[in-house]
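Visitor: Please pick one small part of this model and take me through it closely. I'd like to see how it sits in the rest of the chain.

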Amino acid sequence: MEVRLLIAFLLMGLVLFVSPYILGTNEPPPAAPKAATNIPTKGPEPSTISPTVPPEAPAVAQLPGQVQGTEVMVFPVETSVHKVVFSNRGATIRNWVLKSYRDQKGQPLELVNQKAINGDKALPAPFSLAFKTKPSTDPNDKLYKVTRGDDGMSVDFEWSDGRMTVKKTFQFSQASYLVKVSSQVIENGVLLPHSLIWRGGFGDTSIVNPTADTGALYYDTANTKLVKHPVGDAKDGAISSSGNYAFAGLEDKYFAAVALPGEGASSELTTYADNVPTPEGKEELHVGAAVGGSGSNSFQIYTGPKDVEKLRTVDPRLDQIIDWGWFGLIAKPLFSALLWAQANVTHNYGWAIILMTVVINTILFPLRLSSMKSSKKMQKIQPQVAALNAKYKGLSMNDPKKAEQNQELMDLYKKNDINPVGGCVPMLVQIPFFYALYKVLSLAIEMRGAEWLWVTDLSQPEHLALRVLPLLLVVTQFISQKMTPSPGMDPAQQKIMLFMPLLFGYMFYFASAGLVLYWLTSNVVSIAQQWLLNRNTPAAPASSVVIPAKKKK
């Protein structure tokens, strides 16, 4: 090794000192560009450095065409809806703030999880580059040259070491949630496929359980369907999918950041699950995504609220991000009605919820009345039903006499003009309406930050040491249950049912105040309706029946 090293140094010296005379000039080699001194270059190990070779010698090998920044720059771009803080270290984003929305601490809403991009286990900042094929150098830790537009709404980043060239551009609009983004990577004259990533979480991290409603998603235009990946899908490793997507990106309960590559453009979405430290010292999974996949990517990015009108303005298919559930055909009109009631009648979403609940219960009152009448009839024949059950007591389900019992029971119903499912069908018809309104109150961003009396945010649980609405819900649930007839229910079952209000109270204690207000109002209306029914339709006298005595052997 020593002989080879000596020969190598002799050849290097020969080239350095003889080549100027061969080329016909005595000028020394050109010095390296000044900007290059900001990028540390790793030289040979100390044990191999010869004292006859100056340390500056490796700088001679730098390639022409280098473009880079000379110092770290952190600067904001502000519009009427966004405040985005850039860093030229990797041409990344450190903060993305929505000015019109606040977090639970009353601060402007930050969409970038700061715990993920800072600290000892920091993840790459949003809009870093991800490669399937590892490049010769990592451009994510380089200082980029920054060029800003005259209007302050555009930012261009460029970096090159002579072999690899990276460019990123961001173009903002003053009053729009849309941002035009493009990226290009060329290595040795060839486009290098890459994606732009946003990892470590997205959305409002100040709420309770912020990861519950976050995920990655894309709209597959070939199959005309929306596909969602919750964070749990990628807990065993990143998952990728590619195709012609109308949009792809990230979402939480009320906000989304999705890239729209344009019609016919292919794209790729990769979903990540990243462990991010919590303030308590634990770790929890946060979703991340990478979008792109080409050597040159160009798309618009919508980063803003999941507001129906704003989403439809960008792309009619974008409103599918809001999952209205199984009964979307009912939920959407109810949502429009809620907005109308707030804007034209109540001017407050809390009172609008109460008004909507009262109207829905009033419209469905005939069904409740039908169910009540059926229950009264069932109550009337309960002694006969009990006698029939006593007559066939002890039969197994496979016993042939069981068919005789069922036939006698049906004859009894027919004689008294009773539909066995008459009490259930009206209640089943009401379920889609209640579920649809439940989804509306769960997903409507209009609930976020909406106040009502002592409630400061209808989209969150009450900010009180002892939450009042869930306690009132337990009381009204108990009263409603006691007032509603339950013919044919076993006494043991009735005792068990007394625990149902407590179960409801526990479930709704951690629910949003808007949902609790809706259910509480529904209970109050049901109590009033049941009181009227009980008063105006008293229970019919029970039919007397003689239970046949057992025959002696």
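Guide: Let's start where the side chains of Glu309 and Arg312 meet in a salt bridge, at 4.0 Å from N to O. The term here means a side-chain nitrogen of Lys or Arg within 4 Å of a carboxyl oxygen of Asp or Glu. Before going on, note that this is a predicted model, in which local features need pLDDT of at least 70 and side-chain atom pairs count only at pLDDT 80 or more, while totals for chains, interfaces and linings use all residues. Residues are numbered from 1 along each chain as its sequence is written, and side-chain values use heavy atoms, with hydrogens and water left out.

Back to the pair. Glu309 and Arg312 both belong to helix H3 (residues 308-314), and because they are three residues apart, about one helical turn separates them. Helices (H or I, at least four residues) and strands (E, at least two) are DSSP runs numbered from the N terminus. Glu309 is exposed, with 52% relative accessible area, whereas Arg312 is partly exposed at 38%. For these labels, buried is under 20%, exposed is over 50% and partly exposed lies in between, using a 1.4 Å probe and protein chains only.

Arg312 has another partner too: its side chain meets that of Asp319 in a salt bridge, at 2.9 Å from N to O. Asp319 is buried, with a relative accessible area of 12%. So Arg312, partly exposed, pairs with the exposed Glu309 and also with the buried Asp319. Shared partners turn up again in the network that salt bridges make of Lys228, Glu251 and Lys306.

How does that fit into the whole protein? The structure holds 11 salt bridges. One of them joins Arg199 to Asp274, with the closest N and O atoms 2.5 Å apart. Arg199 lies in the loop between strand E11 (195-198) and E12, and Asp274 in strand E16 (residues 266-277), so this pair ties together parts 75 residues apart in sequence. Asp274, like Asp319, is buried: its relative accessible area is 5%, against 12% for Asp319.

For another helix to set beside H3, look at H6 (residues 365-380). Its 16 residues reach 23 Å from the first C-alpha to the last, close to the 22 Å expected at 1.5 Å a residue; the expected span is 1.5 Å times one less than the number of residues. The buried residues of H6 are Arg368, Ser371, Met372, Ser374, Ser375, Lys376 and Met378. Lys377 also has its place in H6, but counts as partly exposed at 36% relative accessibility. Setting aside neighbours within four places in sequence, Lys377 is in contact (heavy atoms within 4.5 Å) with Asn416, Asp417 and Ile418. Asn416 is 39 residues from Lys377 in sequence, yet their C-alpha atoms are 7.8 Å apart.

Zooming out, the protein has 13 helices and 18 strands, and 43% of its 553 residues count as buried. Among contacts with a separation of 6 or more, 66% come from residues 24 or more positions apart. The Lys377 contact with Asn416 spans 39 residues in sequence, while the helix pair we began with, Glu309 and Arg312, is three residues apart.
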